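Have your viewer ready and follow along, one selection at a time. Each stop says what to pick and what you will find there.

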Amino acid sequence: VQVVESGGGLVQAGGSLTLSCVVSGVTFEDYAIGWFRQVPGKEREGVSSISSVGSIAYGDFVQGRFTITRDNTKRMAYLRMNSLKPDDTAVYYCAADLDDWLELHATYDHWGQGTQVTVSS
């Protein structure tokens, strides 16, 4: 199983980014996808998740700024992030798991290497 994120970068506060995640080696449509983030010295934090049947969860801090989607035909998931704040600066990880109930718990089986998002003030 391979999970690869892309789309991170440097953006000014108030700007937008879209992160992409491709999952190969599995039947993608059977897997829940989670997005997490981590800054040095802090625990990994759940950002958003989407189950195999499309149930969605967001962390409280998202407050309507982010949107998670998936395209099963392309084996990809996306995280659209709007109104970015400097506090959103972190390494963002995509994860995949057969368990649809994990939501924002960071116990997914398969993880990508992460993509850096930096929001300047």
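Start by selecting isoleucine 33 and everything in contact with it: beyond its sequence neighbours up to four places away, isoleucine 33 touches Val23, Phe28, Ser48, Ser49, Ile50, Ile68, Arg70, Ala77, Cys94, Ala95, Ala96 and Tyr108. Keep in mind that this is a predicted model. Isoleucine 33 sits in strand S4, which covers residues 32-38. Is isoleucine 33 buried or exposed? Its relative accessible area is 0%, and because the cut-off for buried is under 20%, isoleucine 33 counts as buried. For a distance check, draw a line from its C-alpha to that of tryptophan 101: the two are 11 Å apart in space and 68 residues apart in sequence.

**Next stop: serine 48**

Pick serine 48, one of the contacts of isoleucine 33. Serine 48 belongs to strand S5, residues 45-50, and is buried, at 0% relative accessibility. Now show polar contacts: the serine 48 side chain reaches the backbone oxygen of alanine 57 at 3.0 Å. Leaving out residues up to four places away in sequence, the contacts of serine 48 include Gly34, Trp35, Ile56, Tyr58, Leu79 and Leu104.

**Across to strand S9**

Colour residues 90-97, which form strand S9; 7 of its 8 residues are buried. Which way does S9 run relative to S4? The pairing is antiparallel, with 7 bridges. To see one position in this pairing, select alanine 32, which stands opposite aspartate 97 in S9.

Then add two further partners of S9:

- Strand S11 (residues 115-120) runs antiparallel to S9 and is joined to it by 3 bridges; here valine 91 has glutamine 116 as its bridge partner.
- Strand S10 (residues 110-111) pairs with S9 over 2 bridges, also in the antiparallel sense; here alanine 96 is matched with histidine 110.

**Last stop: the disulfide**

How many disulfides should you look for? The count is 1. Display the sulfur atoms of cysteine 21 and cysteine 94, which are joined at an S to S distance of 2.0 Å. Measure the torsion about the S-S bond and you should read -75°, a left-handed link. Cysteine 21 is in strand S3 (residues 17-24) and cysteine 94 is in strand S9, so the bond ties together parts 73 residues apart in sequence. Both cysteines, 21 and 94, are buried. Cysteine 94 also brings you back to the start, being among the residues that isoleucine 33 touches.

Key
Residues are numbered from 1 along each chain as its sequence is written. This is a predicted model: local features need pLDDT of at least 70, side-chain atom pairs count only at pLDDT 80 or more; totals for chains, interfaces and linings use all residues. Side-chain values use heavy atoms; hydrogens and water are left out. Helices (H or I, at least four residues) and strands (E, at least two) are DSSP runs, numbered from the N terminus. Buried means under 20% relative accessible area, exposed over 50%, partly exposed in between (1.4 Å probe, protein chains only). Contact means heavy atoms within 4.5 Å. Two strands pair if DSSP finds at least two bridges between them. A polar contact is a pair of N or O atoms within 3.5 Å; within protein, one must be able to donate a hydrogen and the other to accept it, and residues adjacent in sequence count only if both atoms are side-chain atoms. A disulfide is a pair of cysteine sulfur atoms within 2.5 Å.
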